[in-house]
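Subject: Structure handover

Hello,

Here is the structure I said I would pass on. Please look it over before reading the notes underneath.

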Amino acid sequence: MSNIKRIAVFTSGGDAPGMNAAVRAVVRTAEYHDLHIYGIERGYNGMINGNIKRLNKSDVANIMQKGGTVLRTARSEEFRTKEGRKIAYENLQAFDIDALVAIGGNGTYTGAKIFNEEYGIPIIGIPGTIDNDIYGTEYTIGFDTAINTAVEAVDRIRDTADSHNRLFFIEVMGRHSGYIALYTGIGSGATTIFLPEEDNAVDDLVSMLQQSKRRQKLFNLVIVAEGNKNGNAMEIAEHVKKELPDFDTKVTIIGHLQRGGSPSCQDRVLATRLGHSAVEALLAGKSNLALGLTNSKVNFTSFDDAINKVKVLNKELINMAEILAQ
Ligand code: F6P
């Protein structure tokens with residue numbers, strides 16, 4: 001057991017639906033154990049600027065269903081510097097904070113790991129990012145909501161694509177990871193999915209579309225991850241337009257629509273379990289670990305592995321999507 005008495009929680013990096021449910025679970029579990037709990041606003045930036053406030057049970061009432069993060073978030077450049085981290089640590093000391101719960105993605109974990117190495121403060125990480133690209137957990141908080149939002153958007157595009165016999169390129173988020181694109185593509189029965197992890201040739205798509213025309217397929221939906229190797233949706237569409245000028249081609253970038261909105265029940269439950277476990281883990285003396293869920297069980301991964309190991313896209317899903325799309 002540890003001597004932890006005061007915990008602070010913060011959200012950092014891109015916001016993700018469900019972060020609020022995690023914050024609520026952290027606060028309420030901490031109060032259950034008679035700990036003092038603090039919220040840091042705007043992630044590492046707030047730590048540096050001293051935006052730290054005491055939270056209690058009622059501060060986290062009515063936030064479960066809200067998108068975004070009530071603690072706000074930021075991608076902090078200052079925390080990348082030794083000086084920034086020193087100020088952050090001094091601010092935590094001023095509040096006698098002796099442990100942290102960090103909710104975010106890879107950048108958040110990297111900051112947490114360095115901070116722990118420099119100042120020894122115990123930190124537990126919770127994976128909050130719509131990208132689902134964190135090693136050590138099957139799903140990250142926000143992913144389920146984001147793919148449901150994206151599939152709903154594609155369904156709407158499908159209606160108009162069908163009515164006009166059009167070819168649509170739809171770009172979804174995912175700088176380095178194709179999880180959102182893969183699940184959106186499968187969930188919406190797309191013709192093809194362009195993933196950052198794969199080297200899809202645009203010319204293969206062109207021949208596929210030519211065949212689809214011969215088969216009198218009336219419309220096509222192509223999902224493109226923003227980090228795709230062979231260009232973004234706009235660039236691929238331009239290439240295809242040159243080869244197939246007869247196709248009525250349109251591009252939609254779903255963009256930040258995927259990041260907002262009320263979290264799905266799946267994300268709320270995941271976030272609640274991980275928020276609760278984070279406090280229990282700190283009290284059990286654990287530190288420098290990222291939480292996750294694998295086979296429906298909460299598990300821990302070292303920050304080192306969570307940061308450096310790559311969560312590989314399920315090849316079976318990719319192959320299946322290729323067989324089913326046509
Ligand atoms: O990491 C989550 C994410 O939504 C990525 O999918 C996307 O590339 C990035 O954040 C966008 O970040 P920002 O909102 O800072 O432009």
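The notes below cover the domains and then the ligand site.

Please keep in mind that this is a predicted model.

Domains

The domain assignment divides the chain into domain 1 (6–142 + 263–308) and domain 2 (144–259). Between the C-alpha centres of domain 1 and domain 2 there is a distance of 34 Å. Where the two parts meet, 14 residues of domain 1 make contact with twelve residues of domain 2.

Ligand site

Which pocket does the ligand take up? The ligand occupies the space of the largest pocket. Around the ligand are Arg75, Thr129, Ile130, Asp131, Met173, Gly174, Arg175, Glu226, His256 and Arg259. Both domains contribute to this shell: domain 1 (6–142 + 263–308) and domain 2 (144–259) each supply at least three residues. Sorted by class, the shell holds five charged, three polar and two nonpolar residues.

Polar contacts

Three side chains can be picked out here by their distances to ligand oxygen atoms. For Glu226, a side-chain N or O atom is 2.3 Å from an oxygen atom of the ligand. For His256, the distance from a side-chain N or O atom to an oxygen atom of the ligand is 2.8 Å. Arg75 has a polar side-chain atom 2.9 Å from an oxygen atom of the ligand.

How much of the ligand's accessible area does the protein cover? On its own the ligand has 400 Å² of accessible area, and the protein covers 77% of that.

In short, the ligand lies in the largest pocket, with a shell drawn from domain 1 and domain 2.

Regards

Conventions
Residues numbered from 1 in each chain as written. Predicted model: local features only at pLDDT ≥ 70, side-chain atom pairs only at ≥ 80, totals over all residues. Heavy atoms only, no water. Near = heavy atom within 4 Å. Polar contact = N/O pair within 3.5 Å; in protein donor to acceptor, adjacent residues only side chain to side chain. Areas by Shrake-Rupley, 256 points an atom, 1.4 Å probe, with all protein chains shown as cover. 1 Å grid on protein atoms, 1.4 Å probe; cavity = no way out; pocket = protein on both sides within 12 Å on 5 of 7 lines; lining within 4 Å. Sits in = over half its atoms within 2 Å of the grid points. Nonpolar A, V, L, I, M, F, W, Y, C, P; charged D, E, K, R; others polar. Domains from an automatic or database assignment. Contact = heavy atoms within 4.5 Å.
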